[in-house]
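Reader: I'm new to reading protein structures. Could you walk me through this one, a bit at a time?

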Amino acid sequence: GLTIAITRDARVGGESLPDFIERQMQDMSRQVAKFTQGKLVPATLGSGKTAFQGYKFDVGYKQDGRPVYHVQGIFGDDASPKTLGLSFSSHAPISDEQRLLITKILTSYTTHGR
């Protein structure tokens, strides 16, 4: 199965969403062994007028000698420096079926009071 973690953070100094992701991944790469990061792919959180644009990408590393696989989604907009991150994690490689589930979860997101 997948473990899902949701995080909130803020971009600093007017950094773009890709710059924020790069800074976060550089920090992470110094904290774990065998770090790998896949290419940023445009992604949407939610649907319609209230959707957030962002990026989805793979991350892998070793923790306590065990491999960890992530599909990471980071979303935000230019109106605020705030970001929302969704991390889908597994100790086994993420399957195509799980990737479809991740897409469904991201698409089903709804916001309140935006």
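Reader: Let's start with α2. Which strands do the buried residues of α2 pack against?
Author: Before we dig in, keep in mind that this is a predicted model. In α2, the buried residues are Gln98, Ile102 and Leu106. If you look for what they pack against, you end up at β3 (41–45), β4, β5 and β6.

Reader: Where on the helix do the buried residues of α2 fall, on one face or all around?
Author: Picture looking straight down the axis of α2. Its buried residues fall within an arc of 80 degrees, so they line one face of the helix. On the other side you'll find exposed residues, namely Asp96, Glu97, Leu100, Lys104 and Ser108. So the place you asked about is one face of α2.

Reader: Now for α1. How far does α1 reach from its first C-alpha to its last?
Author: Start with the count: α1 has 13 residues. At 1.5 Å a residue, you'd expect 18 Å. The model comes close to that, with a reach of 18 Å.

Reader: Why do the buried residues of α1 sit on the same side?
Author: Buried here means under 20% relative accessible area, and the residues of α1 that pass are Leu17, Phe20, Ile21 and Met25. They're on the same side of α1 because the arc they cover around the axis is only 125 degrees.

Reader: And which strands do the buried residues of α1 pack against?
Author: Take those buried residues again: Leu17, Phe20, Ile21 and Met25. The strands they pack against are β1, β2 (33–37), β4 (52–63), β5 and β6.

Reader: On to pockets. Which element gives the most to the lining of the largest pocket?
Author: The largest pocket holds about 330 Å³ of space. Among its 17 lining residues, the closest to the centre are Thr7, Met25, Gln72, Ile74 and Ser87. At least two lining residues come from each of β1 (3–10), α1 (17–29), β5 (66–76) and β6 (82–90). The one that gives the most, with five residues, is β6.

Reader: What about the second largest pocket: how many charged residues are in its lining?
Author: This pocket has a volume of about 280 Å³. Its lining includes Arg8, Asp9, Asp77 and Lys82, along with others such as Phe52 and Tyr109. Sorted by class, there are four nonpolar and four polar residues, and the number that are charged is four.

Key: Residues numbered from 1 in each chain as written. Predicted model: local features only at pLDDT ≥ 70, side-chain atom pairs only at ≥ 80, totals over all residues. Heavy atoms only, no water. 1 Å grid on protein atoms, 1.4 Å probe; cavity = no way out; pocket = protein on both sides within 12 Å on 5 of 7 lines; lining within 4 Å. Points joined across faces, edges and corners; volume = space filled by probe spheres on them. Helix = DSSP H or I, 4+ residues; strand = E, 2+ residues; numbered from the N terminus. Nonpolar A, V, L, I, M, F, W, Y, C, P; charged D, E, K, R; others polar. Expected span 1.5 Å × (residues − 1). Buried < 20%, exposed > 50% of the residue type's maximum accessible area, 1.4 Å probe, protein only. Arc of directions from axis to C-beta. Contact = heavy atoms within 4.5 Å.
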